[in-house]
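Grab a viewer and a pencil: here are some short exercises, each with a worked solution. Try each task before reading on.

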Amino acid sequence: MASVSKLLLLLLCTYLHTLIAHAGDDLRSYKVLPVGSLKSAAVSCSLPKVAPSSGVVTVPLHHRHGPCSTVPSTNAPTLEDMLRRDQLRAAYITRKYSGVNGSAGDVEGSDVTVPTTLGTSLDTLEYLITVGMGSPAVAQTMLIDTGSDVSWVQCKPCSQCHSQADSLFDPSSSSTYSAFSCTSAACAQLRQRGCSSSQCQYTVKYGDGSTGSGTYSSDTLALGSSTVENFQFGCSQSESGNLLQDQTAGLMGLGGGAESLATQTAGTFGKAFSYCLPPTPGSSGFLTLGASTSGFVVKTPMLRSTQVPSYYGVLLQAIRVGGRQLNIPASAFSAGSIMDSGTIITRLPRTAYSALSSAFKAGMKQYPPAQPMGIFDTCFDFSGQSSVSIPTVALVFSGGAVVDLASDGIILGSCLAFAANSDDTSLGIIGNVQQRTFEVLYDVGGGAVGFKAGAC
């Protein structure tokens, strides 16, 4: 009997220790994450199920370094290198809003000084789609970017181009190709343009100093089973710097400017698009033009700037850890944020990040701390663990939109997958790690950004 009592006492002590470790939170305040999932996952390259609908086109979306990529994968960058590149992109975006008078976060209607460069560094772009260009259609695998407007592919003749897996697009072989004249309306809307032999010349300059230039043109674009007539794009014939280094043919701009794919196809598919970024390189997501706006319970107002039309703004208002809202003053979020498919790690105001880091560490006391890694300063030692239990993290946006992040959006490697801005006045960025597995809706017509969990 005494031995039974001791056993019951031991079990009770173990149970109480678990309760104390979780600081009174219920099980819904934690997520159990297998350590193996932090490193690899099974390959699933099939397109996630998306209900077909008229006036809608959905194309597969893959990670550029994963086995589902349609171009030969180069060696994937290390996490440290990826974070270094990501910091350059985030700094560039922040500089684009640095001229705001008063609150940097009044994204809508703010007075912004726009640099002469467009887009940003391409090193951090991670997701690909394959389209058909011209008549007959030639397959072109392109990176997507919500921070860029001008789409482009490499074209013959090309005086200085990077190598690509797809056949180089040859305008002379397409019966529907046409170059814009220097006096055309399409040419006039470009921020950086020139003229050669009466043909409009475009230039894109990115934050890392790389450039691309060529003839601004139109042709038929095939997206899945749908076609877009007279799609405007850059026929790139020369580049400098490290424009693209991974066998892709070019870039598809999904920004809010007049030149982007989303804007150009609004008359055909409607003023809404969505995507789902897969959780791992070995799984697939999708890009949908003409996305249905119904079914999105979680929505927040979209903020736009006439001075920086490429980006889609949102207002983050609070953060919850383990189901509990952190004590962060509203003023800390006044700079506002943008949604960006090309930035990897979410950037938070310093005050907000400090509160998040402290609360997350408090919920991870059972794991020893590890050395910081690049921009990550909240890291843990998971040695010998088959699974880890991490506190839930939710982002609360204006309008009461609560986005409960997937495990993959909380931990990257063995670190908290967030970083701090230098202060509270810099623009926040909601990066692609936090967007993964959600269908993210850009309802431009309705002025809203939506989130649907578990979409891919």
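**Exercise 1. A covalent link**

Which cysteine does a disulfide join to cysteine 155?

Solution. Keep in mind throughout that this is a predicted model.
- Step one, find the partner: cysteine 155 is joined to cysteine 235, with S to S at 2.0 Å. A pair of cysteine sulfur atoms within 2.5 Å is what we call a disulfide, so this pair passes.
- Step two, place both ends: cysteine 155 sits in the loop between strand E5 (152–154) and strand E6 (178–179), while cysteine 235 belongs to strand E10 (residues 226–240). The two are 80 residues apart, and the pair links distant parts of the chain.
- Step three, get the handedness: the torsion about the S-S bond of cysteine 155 and cysteine 235 is about -100 degrees, so this disulfide is left-handed.
- Step four, check the burial: cysteine 155 and cysteine 235 are buried.

**Exercise 2. Two further disulfides**

Work out the handedness and the exposure for the pair cysteine 276 and cysteine 456, then for the pair cysteine 158 and cysteine 161.

Solution. By the distance rule, the protein has six disulfides; these are two of them.
- Cysteine 276 and cysteine 456 have their sulfur atoms 2.0 Å apart. The angle about their S-S bond is -85 degrees, which is left-handed. Cysteine 276 is in strand E12 (residues 272–276) and cysteine 456 in the segment after strand E30 (448–452), so the link ties together parts 180 residues apart in sequence.
- Buried means under 20% relative accessible area. At 0%, cysteine 276 is therefore buried, whereas cysteine 456, at 23%, counts as partly exposed.
- Cysteine 158 and cysteine 161 also form a disulfide, with 1.3 Å between their sulfur atoms. Here the angle about the S-S bond is 60 degrees, and the link is right-handed. Cysteine 158, at 24% relative accessibility, is partly exposed, and cysteine 161, at 30%, is partly exposed too.

**Exercise 3. A helix against its ruler**

What span should helix H2 (residues 79–96) have at 1.5 Å a residue, and how far apart are its end C-alpha atoms?

Solution.
- Count first: H2 has 18 residues. The expected span is 1.5 Å times one less than that number, so H2 should span 26 Å.
- Now compare: the end C-alpha atoms of H2 are 26 Å apart, which agrees.
- Next, look at which residues are tucked away. Asp81, Met82, Leu83, Arg85, Asp86, Arg89, Ala90, Tyr92, Ile93 and Lys96 are the buried ones of H2.
- As background, an α-helix has 3.6 residues a turn, so residues three or four places apart point the same way.
- Finally, find the cover: the buried residues of H2 are covered by elements including strand E4 (138–145), strand E18 (337–339), strand E19 (346–348), strand E25 (411–412) and strand E28 (428–430).

**Exercise 4. The cavities**

How many cavities of 30 Å³ or more are there, and what lines them?

Solution.
- The count is two.
- The largest cavity holds about 50 Å³ of space. Its lining is Leu395, Phe397, Val403, Leu405, Ile430, Gln434, Gln435, Phe438 and Phe451. Strand E23 (393–397) and helix H7 (432–435) are the elements giving two or more residues to this lining. Sorted by class, the lining has seven nonpolar, two polar and no charged residues.
- The second largest cavity has a volume of about 30 Å³, and Val57, Thr58, Val59, Leu223, Leu261, Leu287 and Leu289 line it. E2 gives the most to this lining, with three residues. By class, six are nonpolar, one is polar and none is charged.

**Exercise 5. Backbone oddities**

Is serine 197 buried or exposed, and is threonine 437 buried or exposed?

Solution.
- Start with the backbone: phi of serine 197 is near 50 degrees, a positive value in a residue other than glycine. Threonine 437 has a positive phi as well, near 75 degrees.
- Then locate them: serine 197 is in the loop between strand E7 (193–196) and strand E8 (199–205), and threonine 437 is in the loop between H7 and strand E29 (439–443).
- Now the accessibility: serine 197 has a relative accessible area of 70%, so it is exposed. Threonine 437 has 11%, so it is buried.

How values were computed:
Residues numbered from 1 in each chain as written. Predicted model: local features only at pLDDT ≥ 70, side-chain atom pairs only at ≥ 80, totals over all residues. Heavy atoms only, no water. 1 Å grid on protein atoms, 1.4 Å probe; cavity = no way out; pocket = protein on both sides within 12 Å on 5 of 7 lines; lining within 4 Å. Points joined across faces, edges and corners; volume = space filled by probe spheres on them. Helix = DSSP H or I, 4+ residues; strand = E, 2+ residues; numbered from the N terminus. Nonpolar A, V, L, I, M, F, W, Y, C, P; charged D, E, K, R; others polar. Buried < 20%, exposed > 50% of the residue type's maximum accessible area, 1.4 Å probe, protein only. Contact = heavy atoms within 4.5 Å.
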